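Thanks for coming. I will put the structure up and then talk through a few parts of it.

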Amino acid sequence: MVRQAKAQRILTHDQIWAALDRLAARAGLSSSGLAKRAGLDPTTFNKSKRVTSDGRERWPSTESIAKALAAADSSIEIFARLIDDDTGDGRTVPLLGIAQAATSGAFDESGLPSGKGWSEIALPTADDSRAFALEITGNALLPVYRDGDVILVSPGAPVRKGDRVMVKTKAGDVLVATLKRRTAKVLELQPLDAAFEQLTMAAGDVAWVARIVWASQ
């Protein structure tokens, strides 16, 4: 009797890192956001750390994976499923740190991602093909958004009174606030911290306004 050999499955470097990226996305975080929440160095899971300068593959340690699972409130069984990539349609959106969003060249004139520095992140919803994500750094947007949160911005979504929005000024500043009123002449914004007074801007000083449609919370 001839026995058929069983096909062996080998866990690859790309699979394990892809599973960590999906784990971060399940928690609504970037890879660096997941590392920070896990108490690790923010660059632990960065793509630049996955291969050494001489081309050698670098694998995440079992300790860092365990901490990431705890931070994402997930189990090893979930992680195993993430390795098999059976968790979604694989859609991703461009991701940039919010501090870099104010730099010259990060967006084109219509408010779409442009230039270098953007990575990719899988998020629960990305109906707008032009949507992009920003990772919050620091505490400037408390109490609504905290360090490590990710917001999804949709340039194609209609903007209404009461929406949380991202505003890019012609001077290059980036603001995240609640829209109070918008006319042909002015834009009125309420800072996320209610302790701050309402801000009124001339419409001519605004490059573009886009609605925040989702945030990891």
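I will take the sheet, then a pocket, then one residue.

This is a predicted model, in which local features need pLDDT of at least 70, side-chain atom pairs count only at pLDDT 80 or more, and totals for chains, interfaces and linings use all residues. Residues are numbered from 1 along each chain as its sequence is written, and side-chain values use heavy atoms, with hydrogens and water left out.

The sheet is open and has 9 strands, in the order β2-β1-β3-β4-β9-β5-β6-β7-β8, with mixed pairing. Strands here are DSSP runs of E, at least two residues, numbered from the N terminus, and two of them pair if DSSP finds at least two bridges between them. At the edges are β2 (119-121) and β8 (199-202), each pairing on one side only. Within the sheet, β6 and β7 are antiparallel, over 5 bridges. L179 stands opposite L189 in β7.

Now the pocket. Which elements give two or more residues to the lining of the second largest pocket? They are β6 (174-182) and β7 (186-191), and β6 has the largest share, 4 residues.

Last, T169, which lies in strand β5 (residues 164-169). Is T169 buried or exposed? T169 counts as buried because its relative accessibility is 8%, and buried means under 20% relative accessible area, exposed over 50%, partly exposed in between (1.4 Å probe, protein chains only). Apart from neighbours within four places in sequence, T169 is in contact (heavy atoms within 4.5 Å) with M201, D205, V206 and A207.
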